[in-house]
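Work through the following exercises with the sequence and the model in view. Each task is followed by a solution in steps.

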Amino acid sequence: MAAESRPAPTPLLKDELDIVIPTIRNLDFLEMWRPFFQQYHLIIVQDGDPSKTIKVPEGFDYELYNRNDINRILGPKASCISFKDSACRCFGYMVSKKKYIYTIDDDCFVAKDPSGKDINALDQHIKNLLSPSTPFFFNTLYDPYREGADFVRGYPFSLRDGAPTAVSHGLWLNIPDYDAPTQLVKPLERNTRYVDAVMTIPKGTLFPMCGMNLAFNRELIGPAMYFGLMGDGQPIGRYDDMWAGWCTKVICDHLGLGVKTGLPYIWHSKASNPFVNLKKEYKGIFWQEELIPFFQQATLSKDCTTVQKCYIELAKQVKAKLGKVDDYFNKLADAMVTWIEAWDELNPAGAGSAALSAGSSK
Amino acid sequence: MSQAPIKDNEVDIVIGALRSDLSSFFNEWRAYFSRFHLIIVKDPDLKEELKIPDGFNLNVYTKNDIDRIVGSTSISFSGYSCRYFGFLVSKKKYIISIDDDCHPAKDNKGNFVDAVAQHIENLTTPATPFFFNTLYDPYRDGADFVRGYPFSLRNGVNCALSCGLWLNLADLDAPTQALKPSERNNRYVDAVLTVPTAALLPVSGINIAFDREAVGPALFPALRLAEEGKVRWETIEDIWSGMCVKVICDHLGLGVKTGLPYVWRTDRGDAVESLKKEWEGVKLMEEVVPFLQSTMLPVTAATAEDCVVEMAKTVKQQLGSSNPVFGHAADSMLEWVRIWKTMVSRPS
């Protein structure tokens, strides 16, 4: 039972969190985020032409990787990292040495809450990650650990410790994250509705995870955050985060970890070209009809006690069941294995490799 | 998404009267209630005459009516359970039911919320239980399905239950409210969302609406605490019934929504006083939740009535021996179906 307490300030976690930003253009957007991001270490993953110089605004502590760096560091395993697609960001997750990751797109800016105050998205993500999730029973007042909220009548006390939170999925005001067909039909629709809630997505329920404004506990779930094979030379794009989200959710459900969605909002400023998007997504729109039942029915054996084991098991199932949908999935399954091998090579002490003990952690 | 326009004569508003003077209640709700037919059911234990202002199209039922219409039954309609009698005698497709200590709430812009209209909108737009939409209800103005949402699931399913929320005095249990006596819910969350299939939730009876044709028999007064009282802290009947409805909806492929509308709930009762009674309800939930999470209904149960009968059997088998209150609940569920079938077949 939660005791009455004054709200404590959110820990900064400045030495425990990396901000991973994929970019192909420039990082001007960081100026607006400076008050909230400056204390954190940035990992910039430069996509596209490695000979181009990406200018990072003054005063930020960062490491930057371009394609040459990725090839040098991973050698042949670099084949699992996408080229000419923001999916390359997952390389940043792999090289990070921190416990938490926040990833944000370079066309996302600081949003304002209904009172007009600037939203510190990172602060809210940290709050989300440091408080438990409630995947086993839905709380009608949403996140019970938020100030001013609690568990409702009928919520079993034995479930009130919750589960450790692995993922915090934030949302977007202004340009909504629609697929190409919806964008074409509703080119002017803007998301103006500020929904003041954080909630846990129930165990057994899948969702479309957007990588624009996303944070996660790298130690709990990092190896599952592979953003797949997209972009140059691949038959599909704009499904990188979706793929990672479905794999992540299945594994979180299996390991008893929680996924939250809702606050914080960022301001999404750029609408990408819907015709370009349609070409990228086209196959995905058909394939997802097979993918969703696949993930909904995916079960992992009891031996899968670490994220890596879960992921390798999932890769086998992808090959066995989705290989017949398209040969792409055979390649993807192989890339999933390569990713885990690369992850373990770069993280020998084992972020995510320790078997999880029961109970919540804050 | 087009919305089937709802006719006023498809709706009944059912109010269980646990207090006699309903003048201010009805005057406050007048703008939202007066278009519709109302069924008022007086708590059989309430001695005083009901005071209801003029200008409403309503039927009032008292203990005598209940006894006469239902006849001999083991079901108790005392206290909060009186509203179920209203569900029983209604002939309408949609029912909205709100506790008599609730007022219209104001939204974030300071405008009063038409809870009735919002419930109707929730029930007449599809629900999306098979995949979570991160922008919540995709059928609301200004929202839609997000990237990655399978197209084959975008038709949704019929929504059978709409669970609203409460500002001010939230529906917390007695221990929680007693520990935080000054906590009030001031957060207006501007969302309606579908509770995913297989996810259970504690359904509060304070502010609900449902499709009576689809799930009517599944809302029943069955789980009665030994010392059930006249404040929600001393009841669990709505939570039990609501969770059963969710299991049944999941089985029948129907949707359950939660979120808007809000009502504003009067400060009343004393959580500490309610605490002094045994925490019977709190303890029971520890058994109820795992039981319902693992309940499977046979494919042959194709209607809400069939489902209730099957659930009653399972409740008796699996929970009956642990606490007599569950055995009584199972009996009440079967009895309810019997009464329901009798009422439905009766000429109106």
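**Exercise 1.** Determine why helix α4 of chain B counts as largely enclosed by the rest of the structure.

*Solution.* Step 1: Helices (H or I, at least four residues) and strands (E, at least two) are DSSP runs, numbered from the N terminus. Helix α4 of chain B covers residues 115-124. Step 2: A residue is buried under 20% relative accessible area, exposed over 50%, and partly exposed in between (1.4 Å probe, protein chains only). Step 3: Eight of the 10 residues of this helix are buried, so the helix is largely enclosed by the rest of the structure. Among them are Ala115(B), His119(B), Ile120(B) and Leu123(B). Step 4: The N-terminal end of α4(B) is capped by Asp114(B), which places a side-chain oxygen 3.2 Å from the backbone nitrogen of Val116(B).

The model is predicted: local features need pLDDT of at least 70, side-chain atom pairs count only at pLDDT 80 or more, and totals for chains, interfaces and linings use all residues. Residues are numbered from 1 along each chain as its sequence is written, chains are lettered from A and ligands numbered from 1 in the order in which they are written, and side-chain values use heavy atoms, with hydrogens and water left out.

**Exercise 2.** Describe the surroundings of Arg153(A), and state whether it is buried or exposed.

*Solution.* Step 1: Arg153(A) lies in the loop between α4 (121-130) and β6 (165-174) of chain A. Step 2: Its relative accessibility is 3%, so Arg153(A) counts as buried. Step 3: Contact means heavy atoms within 4.5 Å. Not counting residues up to four places away in sequence, Arg153(A) touches residues of chain B including Asp171(B), Pro202(B), Arg232(B) and Asp238(B). Step 4: A polar contact is a pair of N or O atoms within 3.5 Å; within protein, one must be able to donate a hydrogen and the other to accept it, and residues adjacent in sequence count only if both atoms are side-chain atoms. The side chain of Arg153(A) comes to 3.2 Å from the backbone oxygen of Thr235(B). Step 5: An unreviewed UniProt entry places the feature "glycosylation site" at Arg153(A). UniProt positions are given in the numbering used here, feature names are shortened, and annotations may be inferred rather than shown by experiment.

**Exercise 3.** Explain why Cys82(B) forms no bond with the closest cysteine sulfur.

*Solution.* Step 1: A disulfide is a pair of cysteine sulfur atoms within 2.5 Å. Step 2: The closest cysteine sulfur to that of Cys82(B) belongs to Cys102(B) and is 14 Å away, too far for a bond. Step 3: Cys82(B) has a relative accessible area of 0% and is therefore buried. Step 4: Over all chains, the structure holds zero disulfides. In chain A, Cys108(A) is likewise in no disulfide, with the nearest cysteine sulfur, that of Cys210(A), at 7.6 Å.

**Exercise 4.** Which residues touch the most other members of the largest nonpolar core?

*Solution.* Step 1: A nonpolar core is a set of buried Ala, Val, Leu, Ile, Met, Phe, Trp, Tyr and Cys residues joined through side-chain atoms within 4.5 Å. Step 2: The largest one has 245 residues, and Trp243(A), Phe33(B) and Trp240(B) touch the most other members. Step 3: Helix α10 (residues 328-346) of chain A supplies the largest share of this core, 11 residues.

**Exercise 5.** Where is the cis peptide bond that involves Pro264(A)?

*Solution.* Step 1: The cis bond runs from Leu263(A) to Pro264(A), with omega near 10°. Step 2: Pro264(A) belongs to strand β9 (residues 258-268) of chain A.
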